[in-house]
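Q: Please take a close look at one part of this model: a strand, its pairing partners and the salt bridges around it. A single connected account would be best.

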Amino acid sequence: MQTLRYIFIIVLVLINSVILSQHKSFYDDEGFLKNRFEYNFGIGASSCLTDVGGSDLTEQELKKKFAGTLLRGVYDTDIAKSNIVLTGAFIYHLKPKVNLRGNLAFAFLSGSDDQSSIDYRVNRNLSFRTDILEFTAITEYYIFKPSTGNKFNLKDVSGHKLAKNALGHIGLYIMAGVGGFLYTPRAKINHSYDANNPENAAYLNNHNLIDNNKYHRLRPLHTEGQGFVNNDGLSTDFDGVNRGKIFKENKTYKVVSMCIPIGFGIEKAFNNDMGIKIEFAGRYTFTDYIDDVSGSYYSKELLATNPHLGDKAELAATMSGTASGDNPLWNATGQQRGGASSNDFYGFVTFSMYKKFAGHSKWYKNANINQTRKIKASF
């Protein structure tokens with residue numbers, strides 16, 4: 001019912017804006033040439049949907065939600081793990097309803113299994129955090145443009161007001177583009193080892209666990225055995241099914257990936273030059289390693305003795321998560337650790353302010369270059 005309520009509110013807003021947009025806007029078709037350039041700075045919340053973490057809903061509860069299968073990712077997002085995002089943009093107004101935008105964003109993403117109600121996540125007990133530095137090239141298209149209104153209530157030759165009222169109406173735009181981002185997944189050691197469990201006790205007796213509160217960079221640790229060949233722990237589960245990407249020898253995933261931003265925004269103009277925007281946009285990515293989790297569990301023993309890792313071998317074995325939790329067989333070598341069939345996703349909700357400025361002192365001349373003016377003699 002809550003989802004239906006949100007949909008109903010959005011529909012009402014769209015209908016109201018469409019009705020208001022039927023009135024002639026305060027801006028004419030060439031008015032955008034006056035302030036063709038725009039700076040935009042914003043702050044907001046970031047969230048992600050990866051293999052690690054998720055909401056506190058059970059599998060049964062997720063399936064019962066409205067359009068559960070279709071919107072599973074939405075319901076399975078852990079809002080409590082939302083973080084901050086800072087954005088800056090330069091916008092060029094190409095056409096009256098089309099903008100080109102270069103967007104820079106710095107964000108934090110995180111996730112943790114500890115609040116999940118799904119058994120295998122609780123047992124896995126992994127967590128992560130990463131910084132995101134993103135640059136995107138975006139095209140914006142106005143479904144309807146914002147109007148500032150006109151305090152003098154001026155009318156056109158047909159008697160229609162140039163603006164609906166002093167407040168004008170809110171604009172709505174959709175956006176899409178392409179970009180790239182830098183990410184650095186890290187995590188603390190948060191595994192719970194039960195020394196009474198024979199398999200865990202055997203490991204504890206032969207290895208010294210590194211226990212501290214610092215965040216460790218996960219990519220150099222090859223926690224799923226990325227690039228380690230000629231062994232039985234390479235990206236397979238107990239059925240022998242490929243569960244992860246195969247890398248070249250001693251190689252692992254890249255620190256840079258591409259993304260496709262897509263979303264919509266609501267704009268309120270204070271005057272011709274300034275205003276605010278609220279934007280909702282998701283990022284479809286081309287990597288499944290934002291959280292360092294994708295394929296299957298790799299052999300803890302092989303990690304701990306891998307010469308390529310050097311003095312990080314013990315830490316890699318610990319951070320891999322194998323044989324932790326109440327059900328160590330679920331996390332045994334070759335068992336599924338993540339979902340390699342789908343890539344990671346993240347998104348931002350941002351509030352920003354913008355300032356427009358003229359790009360050329362002869363904007364008016366250019367805007368009216370094809371117009372002629374007839375002067376009638378008064379004598």
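A: A residue counts as buried when its relative accessible area is under 20%. Arg101 has 8% relative accessibility in this predicted model, so Arg101 is buried by that cut-off. The salt bridges of Arg101 lead to strand E9, the part described here.

Strand E9 covers residues 274–285. On one side of the account is strand E8 (residues 256–269), which runs antiparallel to E9 and is joined to E9 by 11 bridges. The two strands, E8 and E9, make a hairpin, with four residues between them. Within this pairing, Lys268 has Ile276 of E9 as its bridge partner. E9 also pairs with strand E10 (residues 345–357), again in the antiparallel sense and over 11 bridges. In that pairing, Phe280 is opposite Val349 of E10.

Next come the charged side chains. Glu279 of strand E9 forms a salt bridge with Arg101 of strand E3, with 2.8 Å between the closest N and O atoms. Because one partner lies in E3 and the other in E9, this pair ties together parts that are 178 residues apart in sequence. Glu279 is buried, at a relative accessible area of 8%.

Arg101 has a salt bridge with Glu140 as well, at 2.6 Å from N to O. This pair links distant parts of the chain, with Arg101 in strand E3 (residues 98–112) and Glu140 in strand E4 (residues 127–144), 39 residues apart. Glu140 has 0% relative accessibility and therefore counts as buried. Through shared partners, the salt bridges join Arg101, Glu140 and Glu279 into one network.

The model has seven salt bridges. One of them is between the side chains of Arg186 and Asp131, at 3.3 Å from N to O. Here too the pair links distant parts of the chain: Arg186 is in strand E6 (residues 186–187) and Asp131 is in strand E4, 55 residues apart.

The last point concerns what follows strand E9. Phe286 sits in the loop between E9 and helix H6 (300–304). Apart from neighbours within four places in sequence, Phe286 contacts Ser257, Met258, Cys259, Ile260 and Asn343. Of these contacts, Asn343 is 57 residues from Phe286 in sequence, while the C-alpha atoms of Phe286 and Asn343 are 6.2 Å apart in space.

Terms used. Residues are numbered from 1 along each chain as its sequence is written. This is a predicted model: local features need pLDDT of at least 70, side-chain atom pairs count only at pLDDT 80 or more; totals for chains, interfaces and linings use all residues. Side-chain values use heavy atoms; hydrogens and water are left out. Contact means heavy atoms within 4.5 Å. Two strands pair if DSSP finds at least two bridges between them. A salt bridge is a side-chain nitrogen of Lys or Arg within 4 Å of a carboxyl oxygen of Asp or Glu. Buried means under 20% relative accessible area, exposed over 50%, partly exposed in between (1.4 Å probe, protein chains only).
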